[in-house]
Amino acid sequence: MFSREESKKIRQEFWTTFGQQYPRKWLLYNTKIKDVTLKFTFTTKKAQVSIDIEPEDTVIKTYYYEKLQSLQNILLTDYLPNCIFDAAYELDNGKIIARIYTELPNVCIHNRKTWEATMEFLYNQMDQLEQFFLEYKDFIDD
């Protein structure tokens, strides 16, 4: 078990190492669509790459989720065949968002032995997710 401070230090080390091994400017929060972001997640149980839809207004959340859902076949066929669509994804803090994601289970940010495979997963999956998002951004935001 790690202290909060040790855990924070390990997390910082992972993300610094990831940035050094895979130097690239990612889209992430700069989607130009309010409340729609691309995210990396790496916890003590899994790694994820996702499109998160987080507006407080459920009408707006539903609108963007349904737009992305209409592109589901394209996303699954041409970009990320293992992508999961979840209209009511619960974050660790209890907040419910809409999330479209791909996941690598059974990895742990505290276990350096899983870092290399996780970094490859995060890079490759986010690359595909960004390509998809940029290709269909105008449709999503229309």
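Let's start with one pair of residues: Asp86 has Arg99, in β4, as its bridge partner. The model you're looking at is a predicted one, and that pair belongs to the contact between β3 and β4, two strands that run antiparallel and share five bridges. From there we can work outwards to the whole sheet, then to a pocket, and finally to two residues in and just after helix α4.

**The sheet as a whole**

- Four strands make up an open sheet, and reading across it you meet them in the order β1-β2-β4-β3, with antiparallel pairing.
- The edge places go to β1 and β3, and each has a single partner strand, so one side of each has no neighbour in the sheet.
- Going from one strand to the next, the twist averages 30 degrees.

**Following β4 and its partners**

- Strand β4 covers residues 96-105 and pairs with β3.
- It also pairs with β2, again antiparallel, this time through eight bridges.
- Tyr101 is a handy landmark in β4: Ile84 stands opposite it, and it is also the bridge partner of Ser50.
- Between β3 and β4 there's a hairpin with five residues separating the strands, and Gly94 there has a positive phi near 95 degrees.

**Strand β1 at the edge**

- Is β1 enclosed or open to the outside? Seven of its seven residues are buried, so the rest of the structure largely encloses this strand.
- In a regular strand, side chains alternate between the two faces of the sheet.
- On one side of β1 sit Val36, Leu38, Phe40 and Phe42, while Thr37, Lys39 and Thr41 are on the other, and all of these are buried, leaving both faces covered.
- β1 and β2 run antiparallel and are joined by seven bridges.
- One place to spot that pairing is Lys39, which stands opposite Ser50 in β2.
- These two strands also form a hairpin, with three residues between them.

**The largest pocket**

- The largest pocket has a volume of about 280 Å³.
- Its lining is made of 15 residues, and the ones nearest its centre are Thr41, Thr43, Leu91, Asp92 and Arg99.
- Which strands help line it? β1 (36-42), β2 (46-53) and β3 (84-90) each contribute at least two residues.
- By residue type, the lining splits into seven charged, five polar and three nonpolar.

**Glu130, inside helix α4**

- Helix α4 spans residues 115-141, and Glu130 is part of it.
- Glu130 has a relative accessible area of 5%, which is under the 20% cut-off, so it counts as buried.
- Setting aside residues up to four places away in sequence, Glu130 touches Arg24, Trp26, Leu27, Leu28 and Leu38.
- The last of these, Leu38, is one of the buried residues of β1.
- Tyr79 is 51 residues away from Glu130 along the chain, yet their C-alpha atoms are separated by 9.6 Å.

**Asp142, after the helix**

- Asp142 belongs to the segment that comes after α4.
- Buried or exposed? Asp142 has a relative accessibility of 63%, over the 50% cut-off, so it counts as exposed.
- Apart from neighbours within four places in sequence, Asp142 is in contact with Tyr63 and Lys67.
- For Lys67 the sequence gap is 75 residues, while the C-alpha to C-alpha distance to Asp142 is 9.2 Å.

Technical notes
Residues numbered from 1 in each chain as written. Predicted model: local features only at pLDDT ≥ 70, side-chain atom pairs only at ≥ 80, totals over all residues. Heavy atoms only, no water. Buried < 20%, exposed > 50% of the residue type's maximum accessible area, 1.4 Å probe, protein only. Contact = heavy atoms within 4.5 Å. 1 Å grid on protein atoms, 1.4 Å probe; cavity = no way out; pocket = protein on both sides within 12 Å on 5 of 7 lines; lining within 4 Å. Points joined across faces, edges and corners; volume = space filled by probe spheres on them. Nonpolar A, V, L, I, M, F, W, Y, C, P; charged D, E, K, R; others polar. Pairing = 2+ DSSP bridges. Axes fitted to C-alpha atoms, helices over the stretch in contact; angles between N-to-C directions.
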